[in-house]
Amino acid sequence: MDRRKLNRITWVFVALAVALGIMMLGSSIHRPGTIVLPDPASVPDQSGDSTGFGDRLTVVEVTPETVQAAVETLKRPERYRRSVTVEHLWSGGSVSYEVTVAAVGPWTRTDRTMPDGRVRHTITGAETVSIWYNSEHQVYTAPVGTITADHEQPIPTYEEILTLETERITAADYREASGIPCIYVEAAEGDYVLRYWVSVETGLLAAAEKLLEGEAVYRMASLTVDQAEPSAADFTLPDGTVLLPLD
């Protein structure tokens, strides 16, 4: 066979091999990855990092298109205590109140100081809710229905972010709420703008706002979570009935 013809055939095979290699490399580069939020226990100490997020920002980029997948990876703690501050605002006035919360699995105890000074106590479970006021012994017990633990605090259910149409989500990223690393979500709801700050550390809603024409009409904040576990006393009715025995 002519040497020049042999060389030409050899170069054709080399070119084909190079092209095939480029195609395979390009496919591996553009293959979509799985969105995984960092496990706080596995993230090294970032005390020298002024952003407060450390390596979290390298794990997943939160955007309006990816935030629902990111939020879906979060889980609320099995047991926790915390205090929630809620404020309702309107032109010329406002009202605020405090709610203490103790949660164990599907059970949640809330003690909410009402604007009129009364304290509303509720214990919600998977099937029933018990409600009483101040130190009264009369307890109202009924199926849970629409009376959820979030409703009793009262705070938005941030898991609703998962049901939003993507086009309603106008902003999403990582940002801090008083030093707490959070996933931030901003969404449109009719004439209102909803803002959520969901703690990356606890999976709990750390702060929220509802705005109308740029002015806040609702705010909530719960910036600390107590490490002390709830006790059986938290889930005991005024008549001494213990709904959830705990050690």
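These exercises work through a predicted model of one protein.

## Exercise 1. Judge the confidence

Task: find what the mean pLDDT of the protein is, and which elements have the lowest and highest mean values.

Solution.
- Step 1. Start with the whole protein. Its mean pLDDT is 79. Of its residues, 75% reach 70 or more.
- Step 2. Go to the elements. Helix α1, residues 3-30, has the lowest mean pLDDT, 43. Strand β4, residues 119-124, has the highest, 96.
- Step 3. Look for a weak stretch. Over residues 2-58, pLDDT stays under 50. For this stretch the model has 39 contacts beyond four places in sequence.

## Exercise 2. Take stock of the fold

Task: state how many helices and strands the protein has, and what share of its residues is buried.

Solution.
- Step 1. Count the elements. The protein has 3 helices and 12 strands.
- Step 2. Turn to burial. Of the 247 residues, 37% are buried.
- Step 3. Check the surface. About 14,600 Å² is exposed, and carbon and sulfur atoms supply 54% of it.
- Step 4. Check contact range. Take contacts between residues at least 6 apart in sequence: 45% of them join residues at least 24 apart.

## Exercise 3. Follow L89 to V217

Task: place L89 and V217, and decide for each whether it is buried or partly exposed.

Solution.
- Step 1. Locate both residues. L89 sits in strand β1, residues 79-90. V217 belongs to strand β11, residues 215-221.
- Step 2. Apply the cut-off. Buried means under 20% relative accessible area. L89 has 19%, so it counts as buried. V217 has 23%, so it is partly exposed.
- Step 3. Take the separation. V217 and L89 are 128 residues apart in sequence, yet their C-alpha atoms are 4.5 Å apart. From L89 to E215 the sequence gap is 126 residues and the C-alpha distance is 9.0 Å.
- Step 4. List the partners beyond four places in sequence. L89 touches S94, A216, V217, Y218 and R219. V217 contacts E87, H88 and L89, along with Y192, K210, L211 and L212.

## Exercise 4. Place E209

Task: say which strand holds E209, and whether E209 is buried or exposed.

Solution.
- Step 1. Find the strand. E209 is in β10, which covers residues 205-212.
- Step 2. Read the accessibility. E209 counts as buried because its relative accessibility is 19%.
- Step 3. Name the contacts beyond four places in sequence. E209 touches V193, L194, R195 and W197. Y218 and R219 are also among its partners.

## Exercise 5. Examine a loop residue, V62

Task: work out where V62 lies, whether it is buried or exposed, and what it contacts.

Solution.
- Step 1. Locate V62. It lies in the loop between α1 and α2, with α2 at 67-72.
- Step 2. Read the accessibility. V62 has 7%, so it counts as buried.
- Step 3. Take the distance to I183. V62 and I183 are 121 residues apart in sequence and 7.7 Å apart from C-alpha to C-alpha.
- Step 4. List the contacts beyond four places in sequence. V62 meets V67, A70, A172, D173, Y174 and I183.

## Exercise 6. Check the backbone

Task: find which residues are joined by a cis peptide bond, and compare the settings of N134 and S178.

Solution.
- Step 1. Find the cis bond. It joins Q153 and P154, with omega about -25°. P154 lies in the loop between α3 (149-152) and β7 (169-177).
- Step 2. Take N134. Its phi is near 50°, a positive value in a residue other than glycine. N134 lies in the loop between β5 (128-133) and β6 (140-143). Its relative accessible area is 34%, so N134 is partly exposed.
- Step 3. Take S178. Its phi is also positive, near 50°. S178 lies in the loop between β7 and β8 (180-189). At 66% relative accessibility, S178 counts as exposed.

## Exercise 7. Inspect the cavity

Task: state how many cavities of 30 Å³ or more the structure has, and which residues line the largest cavity.

Solution.
- Step 1. Count. The whole structure has 1 cavity of 30 Å³ or more.
- Step 2. Take the volume. The largest cavity holds about 30 Å³ of space.
- Step 3. Name the lining. It consists of R76, R82, I155, P156, Y158, G203, L204 and L205.
- Step 4. Sort the lining by class. It has 5 nonpolar, 1 polar and 2 charged residues.

Terms used:
Residues are numbered from 1 along each chain as its sequence is written. This is a predicted model: local features need pLDDT of at least 70, side-chain atom pairs count only at pLDDT 80 or more; totals for chains, interfaces and linings use all residues. Side-chain values use heavy atoms; hydrogens and water are left out. Helices (H or I, at least four residues) and strands (E, at least two) are DSSP runs, numbered from the N terminus. Buried means under 20% relative accessible area, exposed over 50%, partly exposed in between (1.4 Å probe, protein chains only). Contact means heavy atoms within 4.5 Å. pLDDT is the predictor's confidence in each residue, from 0 to 100. On a 1 Å grid over the protein atoms alone, a cavity is a set of points where a 1.4 Å probe fits but cannot get out, and a pocket is an open set with protein on both sides within 12 Å along at least five of seven lines; lining residues have an atom within 4 Å of a point. Grid points are joined across faces, edges and corners, and a volume is the space filled by probe spheres set on the points. Ala, Val, Leu, Ile, Met, Phe, Trp, Tyr, Cys and Pro count as nonpolar, Asp, Glu, Lys and Arg as charged, and the others, Gly among them, as polar. Accessible areas come from the Shrake-Rupley method with a 1.4 Å probe; for residues, only the protein chains shown count as cover.
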